[in-house]
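Work through the exercises below with the structure open beside you. Try each task before you read its solution.

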Amino acid sequence: MSDIRRMLSEVYETMEISKAYSTFAEQHNIRSAPILTVIDDEMADLIAVHLAPRIAGRTVVEIGGGIGILSLAMASVAKSVFCIEANPMWAAAFTQVLLEKKRRNLSYLFGAADEFVGYIRADVAAICTHSDVEGMKLIGKQFAPEVIDVYGELIDGNPGGFDREASRLRAFT
Ligand SMILES: C[S@@+](CC[C@H](N)C(=O)[O-])C[C@H]1O[C@@H](n2cnc3c(N)ncnc32)[C@H](O)[C@@H]1O
């Protein structure tokens, strides 16, 4: 198991039993599940290639960027990327990624995204989540005129490639 995967499984275990995390999520209006979907470079690179025509040379904000791997991949194409993440539980894995790979055109902002509205203006907001999709899209709209629900459009582009029931439930979780 890689260092990052090991760290993440420890984080998941801690969060499951942590009342402190539930209280934190409530206070910071985090409605999505604390589950990462982008935890390796291959996945991040595939998504960045998919987004490239719309983010190349532009300013991008990622809402709920997890441990930042997708933002890192987008920063190789975009002019600049702001990765906003509210959950401090990702910090260990996040720091490991930063130390190894952070680029200068990529900024990580720790806090609930609504705290940064008005300070950052982007061309495109991206969200990568299967839960609280609508809530995170609404936040994205406050940063950029174009909001990309990455999994939403991947599913629309290839409905047969994804579990039908899980895809339908995205709108409600
Ligand atoms: C389902 S996870 C996905 C994380 C990452 N995009 C990935 O795919 O690996 C959603 C993330 O969004 C974060 N999040 C949810 N609401 C947020 C908000 N209002 N501001 C900042 N981060 C938020 C959560 O803490 C969580 O890490």
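The exercises cover the ligand and the pockets of this predicted model.

**Exercise 1.** Find which residues come nearest to the ligand.

*Solution.* Start with the shell. There are 22 residues around the ligand. Those that come nearest are Thr37, Gly64, Glu85, Ala113 and Cys128. Next, sort the shell by class. It has 12 nonpolar, eight polar and two charged residues.

**Exercise 2.** Find polar contacts between the protein and the ligand, and state how much of the ligand the protein buries.

*Solution.* Use the cut-off for a polar contact: a pair of N or O atoms within 3.5 Å.

- Step 1. Take Thr37. An N or O atom of the Thr37 side chain is 2.4 Å from an oxygen atom of the ligand.
- Step 2. Take Val38. Here a backbone N or O atom lies 3.0 Å from an oxygen atom of the ligand.
- Step 3. Take Cys128. A backbone N or O atom of Cys128 lies 2.9 Å from a nitrogen atom of the ligand.
- Step 4. Turn to the surface. The ligand taken alone exposes 590 Å². The protein buries 98% of that.

**Exercise 3.** Which pocket does the ligand take? Describe its volume and lining.

*Solution.* Place the ligand first. The space it takes is the largest pocket. The volume of this pocket is about 570 Å³. Now list the lining. It has 38 residues, and Ile30, Ser32, Gly64, Glu85 and Met136 are the closest to the pocket centre. Then look for elements that give two or more residues to this lining. They are β1 (59-63), α4 (69-74), β2 (80-85) and α6 (133-141). The largest share comes from α6, with three residues. Last, sort by class. The lining of the largest pocket has 19 nonpolar, 14 polar and five charged residues.

**Exercise 4.** Repeat the description for the second largest pocket. Which element supplies the largest share of its lining?

*Solution.* Begin with the space. The second largest pocket holds about 180 Å³. It is lined by 13 residues. Nearest its centre lie Ser2, Ile4, Ile39, Ile69 and Lys101. Go on to the elements. At least two lining residues come from each of α1 (3-17), α4 and α5 (91-101). The largest share belongs to α5, with four residues. Finish with the classes. The lining of the second largest pocket divides into five nonpolar, two polar and six charged residues.

**Exercise 5.** Which helix supplies at least two lining residues to the second largest pocket and two or more to the largest pocket?

*Solution.* Check the list for the largest pocket. It includes α4. Check the list for the second largest pocket. It includes α4 as well. The helix is α4.

Key:
Residues numbered from 1 in each chain as written. Predicted model: local features only at pLDDT ≥ 70, side-chain atom pairs only at ≥ 80, totals over all residues. Heavy atoms only, no water. Near = heavy atom within 4 Å. Polar contact = N/O pair within 3.5 Å; in protein donor to acceptor, adjacent residues only side chain to side chain. Areas by Shrake-Rupley, 256 points an atom, 1.4 Å probe, with all protein chains shown as cover. 1 Å grid on protein atoms, 1.4 Å probe; cavity = no way out; pocket = protein on both sides within 12 Å on 5 of 7 lines; lining within 4 Å. Sits in = over half its atoms within 2 Å of the grid points. Nonpolar A, V, L, I, M, F, W, Y, C, P; charged D, E, K, R; others polar. Points joined across faces, edges and corners; volume = space filled by probe spheres on them.
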